[in-house]
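Trainee: Could you take me slowly through one part of this molecule, the surroundings of the ligand, and explain each term as you use it?

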Amino acid sequence: MKNLALAYIHTGDRPDYDSEKSRLIAVINLFSAVGTSLTFVLATRALLTDDLPLALSLYTASLIFFSSHLLMRWRRSADTHKYSSTILLICLMALTAYLVHSGGARGTGPLWSYLVPSVTLFMAGLRRGLTILAVYFCVISALLFFNGGQWLLIDYGYEFKTRLLYSFLTVTFLSAYYEYTREISFKTISELSQKFEKQARHDPLTGLPNRRGMWEHLTYEYERSQRYRLNMTVLVCDIDHYKKVNDTLGHDGGDFILKEVATLMSEQLRKQDILARWGGEEFLILLPETNTQQAFIVAEKIRTQIENAEFTYNEQTLSVTVSFGIADASGKNQVDQAISEADGYLYKAKNAGRNTTLPKL
Ligand SMILES: Nc1nc2c(ncn2[C@@H]2O[C@H](COP(=O)(O)OP(=O)(O)OP(=O)(O)O)[C@@H](O)[C@H]2O)c(=O)[nH]1
């Protein structure tokens, strides 16, 4: 039963929709269910009390409310919820305006107009909702007061009419305030979640993608290279004797050198190349559409740039060198195999005296 109800409420929803859209779809289905059943029951009651015009208008509204749910069920495109919510709102407004005009069951019809502000703001959002409500308010005011109530089938009395409008405005104001705070909270939460998402994929020190972020690039580029038979190369780079840097400049100085090296490296790369902080003082570079010979040239360019650079921290000037391992990550080599292969070459480069790129291509 619970599953059935949940399936009904989420009709037309998809996992790739954002939470705001899913919420809207749930509200549409829920309101459609409540609207369909309530108007159906009230229509049947009106029929039993021989109020045929009211019964007919309520049955029609019930059908239209249900059709908005059917639309969600049958037309599963990205903007179906917009059509459904428009149908619901037009139907609700037309029905409540009719109830004000006719008086509904024994003059209680205007009570239903209090539903309009919250439902409209819920479905149309703050700005569009307020515009729609302003038009609705004008229509209801005209109905109530035009030519002393000539358009009404019932005499409400002046006090009732003015108080109906005042209370409608009060409910509108409160609903708008609620919607405003909800939208602000939603925006804050979305921004926070985007910030955390970004933090989870980036290294806070250098601002470069971390392992997790890099794996997404690696997977994407690997799929692309397989699909279009493109070259792709990975470079593993490690700062030589970095422990000494930390010992000489302290941990903050070590951090400073890491950032400077990262900046120097990214300056030598093209926009589509991806540089990541792979571990402590280790970087991984992904070169899409690049073969190993071309990658060797890139690595050597970076290596000599770093070798020739001087870094000054707290009035101490120091140079560092880096070593590279290169591996082809296209063809039959899986990315993780390619990274291990590049790691192997880096290890050999360290053993061969450092400040080296291996294999020599
Ligand atoms: N300042 C700083 N140091 C770090 C960071 N991450 C790792 N390290 C240090 O980096 C040093 C790496 O030392 P090793 O693995 O011995 O490597 P190495 O001294 O560069 O020697 P080779 O790689 O063999 O040339 C260790 O002392 C780590 O504590 C960091 O984020 N900031």
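Mentor: What follows is a close look at the shell around the ligand. This is a predicted model, in which local features need pLDDT of at least 70 and side-chain atom pairs count only at pLDDT 80 or more, while totals for chains, interfaces and linings use all residues. Residues are numbered from 1 along each chain as its sequence is written.

The pLDDT is the predictor's confidence in each residue, on a scale from 0 to 100; its mean over the chain is 93, and 100% of the residues reach 70 or more. For the complex, the predictor gives an ipTM of 0.91 and a pTM of 0.68.

Turning to the ligand itself, 16 residues surround it, where a residue counts as near a molecule if its C-beta atom, placed from the backbone, lies within 6 Å of that molecule. The closest are Asp240, Tyr242, Lys243, Gly254 and Gly280.

Strand 1, residues 232–239, and helix 9, residues 242–268, each supply at least two residues of this shell, and helix 9 gives the most, with seven residues. Here helices (H or I, at least four residues) and strands (E, at least two) are DSSP runs, numbered from the N terminus.

Sorted by class, the shell holds four nonpolar, five polar and seven charged residues. In this sorting, Ala, Val, Leu, Ile, Met, Phe, Trp, Tyr, Cys and Pro count as nonpolar, Asp, Glu, Lys and Arg as charged, and the others, Gly among them, as polar. Among the closest residues to the ligand, then, are Asp240 and Lys243, whose residue types, Asp and Lys, count as charged.
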